[in-house]
Amino acid sequence: MENSHESSDRTERTDTTASLHTPGWNKEQEEAFTRYTGPYLAGRVTSRHKTAFDVLLPQGETGRVGASGALRRLGKIPAVGDFVVVLDQPDSGTRMIVDILPRHGTLSRGAPGEGGGSQVIAANLDTVFIVTAAGGDFNIRRLERYLAVVHASGARPVIVINKADLTEDTDALVEETVAIAGDTPVVAISAREGGGIEELSPFLPAGTTVALVGSSGVGKSTLINTLLTTSVQETRDVRDYDERGRHTTTVRQLFSLPGGAMVIDNPGVREIQLGNAAAGLEETFADIAEFAADCRYRDCRHDGEPGCAVQEAADAGLLSEARLLSYRRLMKEAGFQAEKNDIGLKRLEKKKYKWIGKAAKDLNREKGR
Ligand SMILES: Nc1nc2c(ncn2[C@@H]2O[C@H](COP(=O)(O)OP(=O)(O)OP(=O)(O)O)[C@@H](O)[C@H]2O)c(=O)[nH]1
Ligand SMILES: [Mg+2]
Ligand SMILES: [Zn+2]
């Protein structure tokens with residue numbers, strides 16, 4: 001009896017400090033949160049819906065809450081993985097996100113469509129599993145593109161080759177991948193059968209957040225189910241993809257693993273847009289950057305300039321021609337998107353005012369405009 005009394009006492013004490021123990025957050029976020037005294041909770045966005053967000057709250061409870069008007073007026077949209085400040089006033093029934101705590105490891109992509117700009121896919125990532133599969137999906141050039149995007153995010157990439165059970169020669173795929181991966185670890189697994197899964201555990205210590213990205217049908221949700229040791233995410237036979245071209249996972253979602261790591265399942269994408277990944281290209285093509293140190297011109301684009309050491313390396317067989325082509329293509333695309341993003345930003349500014357709608361007009365009138 002006494003024991004149970006003690007433990008309920010402890011639970012109560014935990015209540016008041018619980019907001020300081022949001023799993024996965026860092027010092028910077030914790031510090032930013034200390035500015036909030038009063039009826040505020042720190043939480044983490046696990047899923048985003050049309051107008052509301054699922055937020056994991058300190059007691060392990062998940063609440064569906066909206067974002068405050070002030071936050072929306074600032075154009076701040078919480079993303080999955082974000083640590084947020086929730087105003088919680090049970091008396092008045094108010095519960096809403098009022099702030100987004102500082103982000104790190106943010107995965108973005110160039111927004112589709114004419115607007116440009118970049119979209120935050122997921123925030124506060126330590127690691128990103130770039131998932132591909134033996135068979136039709138496996139493509140070195142696509143992996144380079146993913147590497148560029150992930151390197152630009154600040155999170156650490158890991159290449160996961162799934163469906164190892166489908167091929168006799170996993171080693172060859174791994175070897176081919178390692179050749180372009182630089183320092184990025186490459187792991188071959190079979191998510192469905194569980195083969196090689198334990199090799200992922202060094203990347204999943206308690207408190208880390210990992211996002212899974214990759215084409216539709218490579219087995220991201222299957223891997224999450226295996227890691228969760230229960231089937232939470234719906235998966236579907238690959239043959240259905242070809243016939244209907246639909247994706248199984250449609251909502252981005254964060255899950256807590258039994259070991260204390262958190263994983264984010266993403267809907268498969270056809271081709272990831274580079275967005276502002278120019279910075280990530282340097283790291284992805286570190287071998288080219290090394291050769292480039294000997295180019296005659298400092299701003300050499302390694303595209304036919306005289307005295308280009310990169311071209312010389314390719315001619316000498318030290319660098320594959322296909323990889324050089326891939327580099328050029330991605331560089332051009334990144335440059336193009338950077339331009340597009342500039343235009344997009346201006347448009348976004350205008351759009352933002354449209355969103356604010358009447359409120360903005362009122363505000364402008366007040367300002368005497
Ligand atoms: N042979 C084999 N099949 C697998 C493996 N992992 C997943 N699959 C199958 O691949 C199909 C697609 O798996 P999903 O997990 O739904 O793929 P996904 O990447 O989540 O797809 P989206 O949600 O559309 O992005 C399913 O039929 C899985 O059973 C594996 O290791 N080996
Ligand atoms: Mg899925
Ligand atoms: Zn050059």
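Hi everyone, let's start with the inside of this one: the structure holds two cavities of 30 Å³ or more. Please keep in mind throughout that this is a predicted model.

The largest cavity has a volume of about 70 Å³. Which residues line the largest cavity? If you would like to click along, they are Arg-109, Ile-121, Tyr-146, Val-213, Gly-214, Lys-220, Arg-252, Asn-266, Pro-267, Gly-268, Val-269 and Ile-272. By character, that lining divides into six nonpolar, three polar and three charged residues.

The second largest cavity encloses about 40 Å³ of space. Around the second largest cavity you will find Ile-130, Val-131, Thr-132, Asp-137, Phe-138, Asn-139, Arg-142, Leu-143, Tyr-146 and Ser-215. Here the split is five nonpolar, three polar and two charged. In terms of secondary structure, β8 (127-133) and α4 (140-153) each supply at least two residues of this lining. Do look at Tyr-146 while you are there, since Tyr-146 is in the lining of the largest cavity and also in that of the second largest.

One residue from the first list deserves another moment, and that is Ile-272. Ile-272 and Ser-108 are 164 residues apart in sequence, yet their C-alpha atoms are 9.8 Å apart in space. Ser-108 sits in strand β6, which covers residues 107-110. Is Ser-108 buried or partly exposed? At 24% relative accessibility, Ser-108 counts as partly exposed.

For a pairing over a shorter stretch of sequence, take Asp-265 and Leu-254. These two are eleven residues apart in sequence and 6.5 Å apart in space, again C-alpha to C-alpha. Asp-265 belongs to strand β13, residues 262-265, and with a relative accessibility of 0% it counts as buried.

Now to the aromatics, which I enjoyed. A search of the whole structure turns up five aromatic pairs. In one of them, the ring centres of Trp-25 and Phe-83 are 6.0 Å apart and the planes meet at 50°, so this pair is tilted. Trp-25 comes from the loop between α1 (2-17) and α2 (27-33), while Phe-83 comes from strand β4 (residues 83-89), so the pair ties together parts that are 58 residues apart in sequence. Both partners are buried, Trp-25 with a relative accessible area of 12% and Phe-83 with 0%.

Another of the pairs is Tyr-36 with Tyr-40. Their ring centres lie 5.0 Å apart with the planes at 70°, so we call this pair edge-to-face. Tyr-40 is partly exposed, at a relative accessible area of 25%. And how do these residues fit together? Trp-25, Phe-33, Tyr-36, Tyr-40 and Phe-83 form one aromatic cluster.

Next, the metal. Which protein atoms are the donors of the zinc ion, ligand 3? They are the SG atoms of Cys-295, Cys-300 and Cys-308 together with ND1 of His-302, lying 2.2 to 2.4 Å from the zinc. Along the sequence, the donor residues follow the spacing C-x4-C-x1-H-x5-C.

What about the geometry? The four donor atoms subtend angles of 101 to 116° around the zinc ion, and that makes the arrangement tetrahedral. As a reminder, the ideal angle for four tetrahedral donors is 109.5 degrees. As for accessibility, Cys-295 is buried with a relative accessible area of 9%, and Cys-300 also counts as buried, at 10%.

His-302 is worth a second look for its backbone. This zinc donor is in the loop between α9 (286-292) and α10 (309-315), and at 5% relative accessibility His-302 counts as buried. The phi of His-302 is near 55°, a positive value in a residue other than glycine. Most residues other than glycine have a negative phi.

Asn-124 shows a positive phi as well, near 60°. You will find Asn-124 in the loop between β7 (118-122) and β8. Is Asn-124 buried or exposed? Asn-124 is buried, with a relative accessible area of 1%.

So, as places to open in your viewer, I would offer the two cavities, the aromatic cluster that includes Trp-25 and Phe-83, and the tetrahedral zinc site. Thanks for listening, and I'm happy to go back to any of these.

Note on methods:
Residues are numbered from 1 along each chain as its sequence is written. Chains are lettered from A and ligands numbered from 1 in the order in which they are written. This is a predicted model: local features need pLDDT of at least 70, side-chain atom pairs count only at pLDDT 80 or more; totals for chains, interfaces and linings use all residues. Side-chain values use heavy atoms; hydrogens and water are left out. Rings of Phe, Tyr and Trp (its six-membered ring) pair if their centres lie within 6.5 Å; planes under 30 degrees apart count as stacked, over 60 as edge-to-face and the rest as tilted. Helices (H or I, at least four residues) and strands (E, at least two) are DSSP runs, numbered from the N terminus. Buried means under 20% relative accessible area, exposed over 50%, partly exposed in between (1.4 Å probe, protein chains only). On a 1 Å grid over the protein atoms alone, a cavity is a set of points where a 1.4 Å probe fits but cannot get out, and a pocket is an open set with protein on both sides within 12 Å along at least five of seven lines; lining residues have an atom within 4 Å of a point. Grid points are joined across faces, edges and corners, and a volume is the space filled by probe spheres set on the points. Ala, Val, Leu, Ile, Met, Phe, Trp, Tyr, Cys and Pro count as nonpolar, Asp, Glu, Lys and Arg as charged, and the others, Gly among them, as polar. Donors are N, O and S atoms within 2.8 Å of the metal (3.2 Å for Na, K and Ca); water is not among the atoms, so sites may look incomplete. Four donors count as tetrahedral if all angles lie between 85 and 135 degrees; four count as square planar and six as octahedral if opposite donors are over 155 degrees apart and all others between 65 and 115; anything else is irregular.
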